[in-house]
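Let's take a walk through a protein model together. Keep the picture open beside you and look up each part as we get to it.

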Amino acid sequence: MAAPEEPCGGRAGEEPGRDAAGLSGAPGRRLRWRRDREAAAMFRCGEEIVSGESEEESNGVNLMEFSDEILLHILSYVPCTDLVLNVRRTCRKLATLCLDKSLTHTVLLQKDYKVNKDKVKQLMRDIGKEIYQLNMAGCYWLPSSTIDHVTRCKNLVKLNLSGCHITSLRLSKMLSTLQHLRSLAIDVNPGFDASQLSSECKATLSRVSELKQTLYTPSYGVVPCCTSLEKLLLYFEILDRSREGFMLSGQLMVGESNVPHYQNLRVFYARLAPGYVNQEVVRLYLAVLSDRTPENLHAFLISAPGSFAETGATKNLLDSMARNVRLDALQLPKAWLNGSGLLQHLKFNNPFYFSFSRCTLSGGHLIQRVINGGKDLKSLTSLNLSGCVHCLAPESLFRKAEDDIDSSILESLVVSCCNLRHLNLSAAHHHSSESIGNHLCQLLSRLKHLLSLALPVCSITDVAANVEKPPAASNLVPQTFGRKVRIGIQTYPRNLADQANQKIESSVFWALMGSLRFLETLEIIGSSFSSAMPRNEPAIRNSLPPCVRAQSVGDSEVAAISQLTYLQSLTLAQLPNILTGSGLINIGLQCQHLRTLSLANLGMMGKVVYMSALMDMLKHCKCLRDLRLEQPYFCAGAQFFQALSHCSSLQRLCIVSRSGTLQSDAVMSFMANCLEVIMCHMFMGESLTVCKNLQQSIVRSFQADRPALNVVIFPLLHEDLTEVIRDVPMRHLDEITLFKSRVAEEPPNLWW
């Protein structure tokens with residue numbers, strides 16, 4: 001019987017850091033963690049009994065002696081395919097429990113990388129009528145014919161097929177049988193034809209109230225058929241050029257002129273990938289809203305990178321919103337907010353999400369127009385101020401980006417929004433002054449409910465230590481004659497006691513980490529950091545230098561992160577003063593729930609100084625699922641992959657390294673030892689021939705046993721990199737391959 005996931009992994013299929021019951025306070029989270037640990041321990045005690053050993057021969061407790069309630073809780077950690085196809089065949093009692101409504105009501109396959117077409121077919125045959133919610137998002141490896149078996153789920157209310165291969169005809173056939181469907185997520189690919197949808201399919205769509213649509217071609221998709229829409233989520237992933245190099249048009253296809261029905265809309269969300277065509281298509285969706293704004297609209301969110309100019313139609317839409325609606329969530333392109341008095345006129349009810357990413361919003365405007373002069377905003381749980389370089393300063397007209405922040409603005413924010421769970425302050429220089437008690441870290445320590453936090457590296461430096469500390473370069477090269485000093489990778493303490501003696505545990509960042517004990521996601525990113533691998537452009541060859549204040553952030557600050565016992569996701573980027581990486585070992589030892597790790601440009605750019613510490617760290621990361629490394633001159637050799645093989649739960653690996661090298665034999669051995677790995681992306685400095693040969697060898701050797709295997713090995717600086725990137729499944733591309741800040745990127749619980 002397959003063992004359930006441990007507490008570090010959460011329930012089968014559940015997203016990391018998200019409570020299935022919604023947001024909860026610290027006491028509730030403590031109880032949940034304790035309950036999960038006990039459940040996993042009980043499963044281990046009884047696992048041998050279920051497999052056939054008698055009670056007398058086992059030193060553990062008989063699993064079957066527990067109550068049904070406890071057993072159901074334990075079984076909730078087992079993937080549904082294992083429950084139905086394997087576990088329920090072990091004994092009569094488990095056969096009954098595995099078909100309990102609490103386990104079959106919702107089936108999550110989006111992270112079940114071992115599922116194949118035959119398993120889905122058998123699953124739908126056995127419990128299809130009992131399934132009310134089915135999530136197959138990102139199952140890119142399943143053939144399109146797999147969708148045909150969903151028709152057995154006659155009682156489906158919620159269905160997520162994002163990332164699945166599906167044609168217009170298959171969609172029509174499937175939806176024609178799902179009369180109870182109210183929530184749907186699909187992709188619209190080139191070749192989609194709405195005229196192929198049957199009348200029964202359109203009848204089902206007319207009852208759908210929630211729609212998530214990812215567009216890979218200019219189209220309305222099924223939106224015009226959904227006449228009862230209350231929530232509309234649109235993801236625009238249309239490329240400006242075809243594979244043949246032809247420019248695409250933003251005009252909709254012939255027969256796509258039907259007008260969407262927005263009269264009942266409550267939530268409108270649009271996320272645009274870079275590109276002119278995406279902007280043109282989203283304007284067509286917004287044109288209807290500008291004519292008549294829905295009275296019940298309470299969340300309006302548009303995430304657009306780069307410049308997205310405001311037009312007359314969008315201005316009319318915003319003016320209408322200011323007059324007629326009260327919002328609970330807001331996100332707009334920076335060009336729509338910069339220099340306008342829109343925020344002064346918009347009305348808010350009980351806001352739970354704000355994103356002003358990349359806007360030139362001053363601290364004065366933030367306090368007066370958003371927080372309303374210190375108004376109680378306890379309802380606000382998520383705030384994204386990434387790239388808002390002046391958001392903690394009173395005025396932006398004569399201020400330089402590197403000037404000190406106004407601590408009173410941050411204090412007003414902390415006091416008014418005391419229930420914040422997610423806060424993003426990255427991509428800006430937030431320098432604290434020398435005033436005692438007014439450091440950014442000291443003020444943020446009051447936000448006891450934080451679950452995710454993103455900060456620029458320069459914001460966590462201790463001001464006093466920064467003044468007294470000599471430049472980092474003086475620590476690297478001996479200045480006098482005498483005893484020889486080894487230059488390069490330095491030695492570091494191997495145990496926590498010695499490490500603690502060398503750390504300034506009274507620093508403001510150490511205190512901040514100690515006060516946020518239930519933080520699950522942490523990002524510390526250099527204010528001038530940019531990944532070498534952007535979305536639709538050639539790789540970046542040169543990077544901007546780090547902030548001067550970031551020079552004092554090093555191993556001791558990284559070690560402070562080890563206080564976060566429940567940390568699940570960690571991102572560290574552009575920390576120039578990393579000398580040995582010794583703090584990483586502390587994190588590996590103490591943060592046993594760590595699932596996602598992303599490291600980029602740590603220490604000296606010409607040398608990977610933290611390699612030895614990283615390998616020691618990886619030996620302790622038993623729950624690690626995703627690893628992303630971006631570092632010039634990275635050597636992916638035998639020692640590295642041997643250490644990485646200790647990460648028994650690892651599923652996805654991405655390495656981005658300009659002038660980096662790899663050893664093909666070591667990669668093959670690693671793939672053979674780590675049976676859970678289904679994604680291997682390496683963008684290195686090797687030749688195209690070496691990369692292609694290795695990629696073909698991995699696919700040929702492991703594809704049969706790992707249906708979800710996705711391998712991309714390619715030279716980072718090759719001119720065809722963008723063409724290779726476009727074939728990567730969106731799930732991997734969005735979640736790990738491309739670097740970005742993910743804290744407060746979307747409202748919490750926006751979809752599943």
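Before we start, one bit of vocabulary: helices (H or I, at least four residues) and strands (E, at least two) are DSSP runs, and they are numbered from the N terminus. The model is a predicted one, so local features need pLDDT of at least 70 and side-chain atom pairs count only at pLDDT 80 or more, while totals for chains, interfaces and linings use all residues. Residues are numbered from 1 along each chain as its sequence is written, and side-chain values use heavy atoms, with hydrogens and water left out.

Let's begin with strand β8, residues 299-303. We'll call a residue buried if its relative accessible area is under 20%, exposed if it is over 50%, and partly exposed in between (1.4 Å probe, protein chains only). Four of the five residues of β8 are buried, so the rest of the structure largely encloses this strand. What does β8 pair with? Two strands pair if DSSP finds at least two bridges between them. One partner is strand β7 (residues 267-272), joined to β8 in the parallel sense over five bridges. In that pairing, Phe268 has Phe300 of β8 as its bridge partner. To get from β7 to β8, the chain goes through helix α9 (residues 276-291), making a right-handed β-α-β crossover. Right-handed here means that, with the strands pointing away from the viewer, the path from the first strand over the helix to the second runs clockwise.

Strand β9 (residues 326-331) also runs parallel to β8, with three bridges between them. Here you can find Leu301 opposite Gln331 of β9. Together, β8, helix α10 (residues 312-324) and β9 make a right-handed β-α-β unit.

Now jump along the chain to strand β16 (residues 596-602), where six of the seven residues are buried. β16 pairs in the parallel sense with strand β15 (residues 569-575) over six bridges, and Leu570 has Leu597 of β16 as its bridge partner. The chain gets from β15 to β16 by way of helix α20 (residues 582-590), in a right-handed β-α-β crossover. Strand β17 (residues 626-630) is also parallel to β16, and five bridges join the two. Leu597 turns up again in this pairing, with Leu627 of β17 as its bridge partner. Helix α21 (residues 611-618) completes a right-handed β-α-β unit with β16 and β17.

While you're in this area, look at Gln574 in strand β15. Most residues other than glycine have a negative phi. Gln574 isn't a glycine, yet its phi is positive, at about 60 degrees. Gln574 is buried too, with a relative accessible area of 7%. Ala744, in the segment after α26 (730-737), also has a positive phi, near 55 degrees. Its relative accessible area is 6%, so Ala744 is buried.

Next up are the charged pairs. Side chains of opposite charge can pair when their charged atoms come close. A salt bridge is a side-chain nitrogen of Lys or Arg within 4 Å of a carboxyl oxygen of Asp or Glu. How many salt bridges does a search of the whole structure find? The count is 20. One of them joins Lys93 and Asp68 at 3.6 Å, N to O. Lys93 sits in helix α4 (residues 92-97) and Asp68 in helix α2 (residues 68-75), so this pair ties together parts that are 25 residues apart in sequence. Lys93 is partly exposed at 31% relative accessible area, and Asp68 is partly exposed at 40%.

Are Arg271 and Glu237, another salt-bridged pair (3.5 Å, N to O), buried or exposed? Both are buried. Arg271 belongs to strand β7 and Glu237 to the loop between β6 (231-236) and β7, 34 residues apart.

Finally, let's look for empty space. On a 1 Å grid over the protein atoms alone, a cavity is a set of points where a 1.4 Å probe fits but cannot get out, and lining residues have an atom within 4 Å of a point. There are five cavities of 30 Å³ or more, and the largest has a volume of about 110 Å³. It is lined by 16 residues, and the closest to its centre are Ala532, Asn601, Glu630, Pro632 and Arg658.

Conventions: On a 1 Å grid over the protein atoms alone, a cavity is a set of points where a 1.4 Å probe fits but cannot get out, and a pocket is an open set with protein on both sides within 12 Å along at least five of seven lines; lining residues have an atom within 4 Å of a point. Grid points are joined across faces, edges and corners, and a volume is the space filled by probe spheres set on the points.
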